[in-house]
Amino acid sequence: MSPTEYMRRALSLARLAMGHTNPNPAVGAVVVKDGLVVGRGYTQPAGSDHAEVIALRQAGEKAKGATMYVTLEPCCHFGRTPPCTQAIITAGISEVYIALLDPNPSVSGRGIRELNAAGIKTYTGVYPEEAYEINEAYIKFITTGLPFVIAKFAMSLDGKIATRTGHSKWISNEEARNYVHALRHIADVIMVGVNTVITDNPRLTARGCCGKGGEPKTQPLRLIVDSNGRTPLGAQLFKQPGKTLLAVVEPLNSEKKEKLTRIGVEVLELPGIEGLVNLEELFKVIGKRGMVTVLVEGGGKLLGSLFDHRLVDKVLAFISPIIIGGSQAKTAVGGNGVDSVVEALCLERVNIGNFGDNILVSGYMKREAQQKS
């Protein structure tokens with residue numbers, strides 16, 4: 001079996017760790033001796049073992065003289081756990097194939113240098129794009145301190161997310177909705193605007209969000225952007241497992257704040273911009289709490305603000321083959337928008353998939369400097 005095949009196995013293991021390791025990266029590792037896989041591992045929740053350590057433990061004595069395939073450069077610093085480079089050196093590994101260098105300033109090439117200094121050969125760049133995608137949120141977080149923001153919406157063929165009466169269930173099909181629950185499963189935060197809560201009364205939970213033995217996995221944080229504190233106290237999402245954070249413009253009415261606190265809601269009072277929550281400040285707070293991935297599920301007003309302020313990293317647009325029509329029907333993205341088509345925000349690395357008769361268009365936001373070039 002070729003090095004690329006072994007790395008593919010390591011990448012598959014890394015995907016199993018997604019959503020469980022934040023703020024650490026999701027990493028997979030495979031140890032190979034004489035053409036046989038003798039050890040496998042993927043990163044456990046923060047504070048627990050890393051992929052390399054688990055794979056080496058499984059390999060045992062067979063690790064001596066073996067080759068390791070790992071999806072991200074092994075760490076070389078003491079954090080909550082000892083450095084993986086030392087574990088690799090101590091185990092007697094002879095070669096290490098690495099998909100992607102770790103941009104963490106505490107690592108960033110140092111891990112490879114430590115392995116080389118110990119006489120271990122290293123090879124980099126096997127499936128780097130796949131490794132990057134698995135940890136795209138971690139990479140943004142570790143280099144900026146800010147979360148990776150995914151804008152997700154489902155719309156009709158004519159760009160509507162609801163009828164003129166506000167009815168929206170269901171524009172996307174069941175297959176697409178199941179995929180969204182899988183996305184929620186790996187997100188730290190599910191974010192919506194207050195109008196979505198008032199109109200749809202969603203639960204905002206990750207269905208099938210379970211850990212080993214069927215035990216419930218921690219639900220993503222539900223984040224409501226509600227500048228004036230209009231969210232009804234009887235909203236369904238307040239009754240679900242997990243935590244809810246309400247972001248409001250400071251100061252919120254003390255009586256309303258007390259009532260929200262009493263039912264277990266955390267109220268975050270932030271500066272306002274023209275009467276609306278300062279979203280940049282909100283993401284700074286989220287980043288300081290070690291939350292890496294934010295999945296934004298609407299509505300149009302919130303999405304519009306995020307695009308207007310260039311705060312979106314990735315777009316997931318589900319398109320259903322239906323026509324809703326109506327000039328008063330809600331569109332997917334509100335906000336101020338642009339004055340001319342040449343100013344339109346562009347996606348790059350675009351992919352098109354399908355879920356039955358629903359189409360998913362996904363891509364990454366081009367930054368302004370790139371768009372002007």
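## An exposed aspartate with positive phi

D34 is exposed, with a relative accessible area of 72%. The structure shown here is a predicted model, and D34 is a friendly place to start looking around in it. D34 sits in the loop between β1 (28–33) and β2 (36–42). Its backbone deserves a glance too: although D34 is not a glycine, its phi is positive, at about 55°.

R310 also carries a positive phi, near 55°, and is a residue other than glycine. You will find R310 in the loop between α11 and β15. With a relative accessibility of 33%, R310 counts as partly exposed, because that value falls between the 20% limit for buried and the 50% limit for exposed.

## Two cis peptide bonds

If you check omega along the backbone, stop at the peptide bond from E250 to P251, which is cis with omega near -10°. P251 lies in the loop between β10 (244–249) and α9 (254–262).

Another cis peptide bond runs from G298 to G299, and here omega is near 0°. G299 belongs to the loop between β14 (293–296) and α11 (300–308). Helix α11 thus comes up in two places in this report: it follows the loop of G299, and it leads into the loop that holds R310.

## Helix α2 against helix α3

Now for some helix packing. Helix α2 (residues 51–59) and helix α3 (residues 84–91) have axes that come within 9 Å of each other and cross at roughly 20°. That angle makes α2 roughly parallel to α3, because angles under 35 degrees fall in this class. The crossing of α2 past α3 is left-handed.

Which residues in α2 and α3 meet? From α2 come E52, V53 and L56, while α3 supplies C84, A87, I88 and A91. Sorted by type, the residues of this contact are 6 nonpolar, no polar and 1 charged. The charged one is E52 of α2.

## Aromatic pairs

A pair of aromatic rings is described by the distance of the centres and the angle of the planes. In this model the count comes to 6 aromatic pairs. One of them joins Y6 and Y69, whose rings are 5.1 Å apart centre to centre with 35° between the planes, a tilted arrangement. This pair links distant parts of the chain, since Y6 is in helix α1 (residues 3–17) and Y69 is in strand β3 (residues 67–70), 63 residues apart. Are these rings buried or exposed? Y6 is buried at a relative accessible area of 4%, and Y69 is buried at 6%.

Y179 and F318 make up another pair, with ring centres 6.2 Å apart and planes at 65°, so the pair is edge-to-face. This pair also links distant parts of the chain: Y179 belongs to helix α7 (residues 174–186) and F318 to strand β15 (residues 314–320), 139 residues apart. At 30% relative accessibility Y179 counts as partly exposed, whereas F318, at 2%, counts as buried.

## A tyrosine cluster

Ring pairs also join up into a cluster made of Y6, Y69, Y97 and Y123. The tilted pair of Y6 and Y69 therefore has both of its residues in this cluster. To view it, you could begin at Y6 in helix α1 and Y69 in strand β3, then look for Y97 and Y123, the other members of the cluster.

Conventions:
Residues numbered from 1 in each chain as written. Predicted model: local features only at pLDDT ≥ 70, side-chain atom pairs only at ≥ 80, totals over all residues. Heavy atoms only, no water. Axes fitted to C-alpha atoms, helices over the stretch in contact; angles between N-to-C directions. Helix = DSSP H or I, 4+ residues; strand = E, 2+ residues; numbered from the N terminus. Parallel < 35°, antiparallel > 145°, perpendicular 65-115°, else oblique. Left-handed = near helix turned anticlockwise from the far one by under 90°. Contact = heavy atoms within 4.5 Å. Phe/Tyr/Trp six-rings, centres within 6.5 Å; stacked < 30°, edge-to-face > 60°. Buried < 20%, exposed > 50% of the residue type's maximum accessible area, 1.4 Å probe, protein only.
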